[in-house]
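Colleague: I should like to learn how salt bridges are read from a model. Could you take me through a case?

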Amino acid sequence: MNRIARTLALVAALCLAPVGGAIAADTGTPAANAAPILLAQADAKKDEAAAAAPPVPNKGDTTWMLVATALVVLMTIPGLALFYGGLVRSKNMLSVLMQVMVVFSLMSLLWIIYGYTLAFGGAGSFYGSFDKLFLKGVTTDSVAATFSKGVYIPEYVFIAFQGTFAAITPALIVGAFAERIKFSAVLLFCVLWFTFSYLPIAHMVWYWDGPDAITDAQTLEAVTASAGWLWREGALDFAGGTVVHINAGVAGLVGAYMLGKRIGYGRESMAPHSLAFTMVGASLLWVGWFGFNAGSNLEANGLTALVMINTTVATAAAVLGWTFAEWMSRGKPSMLGAASGAVAGLVAITPACGFVGPMGAIVIGLVSGVVCLWGVNGLKRMLGADDSLDVFGVHGVGGILGALLTGVFAAPALGGSGIFDYVANAASADYSIAGQVWTQLKGVLLTIVWSGVVSVVAFKLVDMIVGLRVPEDEEREGLDITSHGESAYHS
């Protein structure tokens, strides 16, 4: 086609030249040179049109992100709901299922109304702007940047994907105070915590202007200055170790303290009523976590495949680590331990999954299985809190461990990817394990303090407004009947 166009332009130029040399006269150029000028003008117009045209999303990346979004929904309902539901006593099964489903639904709406704009709607150290309140200005033609220059996905897809993270995180917290909290208190607390803890942490860790905004050292400085505070500091969190797991784990621990222990805790049996449900829930979490972790790359490429491998092997290693540690310490390996180990491995690899190699992922998984086993036993006794379903012992401890080990195993010398240099558009040659671990620790400490303070204030406000805990007689009878008027099982 280019050859035909050039031929036609040359013929036109030759035909016009004898008529009065208009082209040559206008340009001060001999008629014989008029054809290249016409071609240059045509190419310039094409370049202007290309510059004015909006970026076209990659259909393969878009399709993958739609699938990843659905997988994260699967993690929550039914995955998390069944995992938690099996761990409580039968009289509280439906209450946990209800809390998870309704919290997920409520957070999904709040995300669209004001959550997205405060997390990703504009520059700021701790919050975004209100520019996209109610998704104002977002259309089917709007695009969101990925992590590769010139690659985009529809903004609606990015909104939907990030919305599943915003919805599952508060749902994780409910396991810490299960079997004794008012349903109204759960909903009110989650609204406050979502607004004042989840959204700012998400913005601090993940907001930046995107790779295409970086072309040289000067633009890199501008992008860094407008990014979220922890992104600016260089904290690495690929899929939510700080944003999701430490954030939720600390809130759960605060809730366990502020609601107090369940009636009969330490004296009566509070064993899980259905480990079959818990195993099914853990398995659905594992499958859904591929969307959670691999989807966080926002593209379908080689790095996405690496993240999927890392998620698989870290989780498998954590199952084995927890199982064999329990086997040696207690004499028998348990199904509850294997399921808990799977979740521990998934949590720990989350911040690291896009920065480490498979060997690093295996080490992170093995260590998390053993450390989180201690977290739900030795550490839990030391803390003295009735964290019903071990939210802090698994999500808090696993998230902290994973965030710190990210700084170690992201090192290129240990098979990691190091830090990407968007000016050179290649991995940086400079990497300091000690320096990055210190940066990771700052992110961990900030998240612990921020979530802890917000949680204390939120629980206090909820207690003043609606009260936190159900009456003793309702707790003894079970929340299924007393809070929801129905029962999971009928004799």
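Modeller: Certainly. In this predicted model, a network of salt bridges links Arg 89, Glu 179, Arg 180, Arg 262 and Asp 386.

Colleague: How many salt bridges does the structure hold?

Modeller: The structure holds ten salt bridges. One pair joins Glu 179 to Arg 89, with 3.2 Å between the closest N and O atoms. This pair links distant parts of the chain, 90 residues apart. Glu 179 lies in the loop between α6 (155-173) and α7 (183-206), whereas Arg 89 lies in the loop between α4 (59-87) and α5 (93-120).

Colleague: Why does Glu 179 count as buried?

Modeller: A residue is called buried when its relative accessible area is under 20%. Glu 179 therefore counts as buried, at 2% relative accessibility. Its partner Arg 89 is also buried, at 13%.

Colleague: Which side chain does Glu 155 meet in a salt bridge?

Modeller: Glu 155 meets Lys 132, at 2.5 Å from N to O. Here, too, distant parts of the chain are linked: Glu 155 is in helix α6 and Lys 132 is in the loop between α5 and β1 (143-145), 23 residues apart. Glu 155 is buried, with a relative accessible area of 5%, while Lys 132 is partly exposed at 23%.

Colleague: Is Glu 475 buried or exposed?

Modeller: Glu 475 is buried, its relative accessible area being 3%. Its side chain forms a salt bridge with that of Arg 469, at 3.0 Å from N to O. Arg 469 counts as partly exposed, at 25% relative accessibility.

Conventions: Residues numbered from 1 in each chain as written. Predicted model: local features only at pLDDT ≥ 70, side-chain atom pairs only at ≥ 80, totals over all residues. Heavy atoms only, no water. Salt bridge = Lys/Arg side-chain N within 4 Å of Asp/Glu carboxyl O. Helix = DSSP H or I, 4+ residues; strand = E, 2+ residues; numbered from the N terminus. Buried < 20%, exposed > 50% of the residue type's maximum accessible area, 1.4 Å probe, protein only.
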